[in-house]
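Student: Please take one buried place in this model and look at it closely with me. I would like to follow the contacts outward from there, one step at a time.

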Amino acid sequence: MELRPVNPTVRTPASNFTGDVYLTPIHTGTEPSRMTVALVRFTPGARTHWHSHAVGQTLHVTEGVGLVGTRDGTVVRVRAGDTVSCPPGEEHWHGATADTFMSHLALLEALPGGQDPTTWLEPLPDEQYQAAHHHHT
């Protein structure tokens, strides 16, 4: 058993996020585990760019209200306690709503060789983000 101290929180890079988003690493697995867990905190209006994960990703919302969207226009509104499963290779984005904070645990796996499983793509345009507030399931 190992008790680990809290990791420093870092501001996420503008190359992959719109707005102010903060990430606190929680766990990075060592072989054979490939699991990574992070607490990600989004300020109102902040969200990821479009991206996908080679081995999929699970998001568990711990606070606030957020949105998760996919390329086909599907948007789900998520609240504290909700869990969203994004399958391998699915291009998606996630973030807070325009007027609330949102925090989630992000659980994902590295590739078998340990490579970064995330492919970052282009930003979500403001118009698409604003429209997402009205087109959620």
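Tutor: A residue is called buried when its relative accessible area is under 20%, exposed when that area is over 50%, and partly exposed in between. Keep in mind as we go that this is a predicted model.

Let us start at His 53, whose place is in strand β6. Its relative accessible area is 3%, and because this value is under 20%, His 53 counts as buried. The side chain of His 53 makes a polar contact of 2.9 Å with the side chain of Gln 57. If we leave out residues up to four places away in sequence, His 53 touches Pro 87, Pro 88, Gly 89 and His 92, and also Leu 108, Pro 117 and Thr 118.

Two of those names, Leu 108 and Thr 118, lead us to the largest pocket, since they are listed with Leu 23, Ala 38 and Trp 120 as the lining residues that lie nearest its centre. This pocket holds about 480 Å³ of space, and 26 residues line it. Strand β6 (51-53), to which His 53 belongs, is one of the elements that supply at least two residues of this lining, together with β3, β4, β11 and β12 (118-120). The largest share, four residues, comes from β4. Sorted by class, the lining has 12 nonpolar residues, 13 polar residues and one charged residue.

Now return to Gln 57, the polar partner of His 53, and follow it in another direction. Gln 57 is among the residues touched by His 94, which lies in strand β10 (residues 92-96). With a relative accessible area of 3%, His 94 is buried, because that value is under 20%. The side chain of His 94 makes a polar contact of 3.2 Å with the side chain of His 51. Its other contacts, again not counting residues up to four places away in sequence, include Phe 42, Leu 59, Leu 67, Val 68 and His 104.

Gln 57 is touched by Val 84 as well, and so are Thr 58, Leu 59, Val 68, Val 76 and Val 78. Val 84 brings us to the largest nonpolar core, which has 16 residues, and in which Val 21, Val 40, Phe 42 and Val 84 touch the most other members. The elements that give two or more residues to this core are β4, β7 (57-70), β9 (83-86) and β11 (102-109). Apart from this core lies another one, of seven residues, among them Trp 50, Val 75, Leu 124 and Tyr 129.

One core residue, Val 40, is in contact with Ser 103, which lies in strand β11. Ser 103 has a relative accessible area of 4%, and it is buried because this is under 20%. Leaving aside its neighbours within four places in sequence, Ser 103 is in contact with Leu 39, Val 40 and Arg 41, and with His 60, Val 61, Thr 62 and Glu 63. Ser 103 and Thr 24 are 79 residues apart in sequence, while their C-alpha atoms are 11 Å apart in space.

For a contrast with these buried residues, look at His 27 in strand β3. Its relative accessible area is 22%, which lies between the two cut-offs, and therefore His 27 is partly exposed. A polar contact of 3.1 Å joins the side chain of His 27 to that of Arg 4, and beyond its neighbours within four places in sequence, His 27 is in contact with Arg 4, Met 35, Thr 36 and Val 37. After β3 (21-28), and before β4 (35-42), comes the loop that holds Pro 32. A cis peptide bond joins Glu 31 to Pro 32, with omega at about 5 degrees. Most peptide bonds, by comparison, are trans.

To finish, consider helix α1 (residues 126-132), the place of Gln 128. At 41% relative accessibility, Gln 128 counts as partly exposed, because this value falls between 20% and 50%. Gln 128 and Gly 69 are 59 residues apart in sequence and 9.9 Å apart in space, C-alpha to C-alpha.

Note on methods: Residues numbered from 1 in each chain as written. Predicted model: local features only at pLDDT ≥ 70, side-chain atom pairs only at ≥ 80, totals over all residues. Heavy atoms only, no water. Buried < 20%, exposed > 50% of the residue type's maximum accessible area, 1.4 Å probe, protein only. Polar contact = N/O pair within 3.5 Å; in protein donor to acceptor, adjacent residues only side chain to side chain. Contact = heavy atoms within 4.5 Å. Core = buried A, V, L, I, M, F, W, Y, C linked by side-chain atoms within 4.5 Å. 1 Å grid on protein atoms, 1.4 Å probe; cavity = no way out; pocket = protein on both sides within 12 Å on 5 of 7 lines; lining within 4 Å. Points joined across faces, edges and corners; volume = space filled by probe spheres on them. Nonpolar A, V, L, I, M, F, W, Y, C, P; charged D, E, K, R; others polar.
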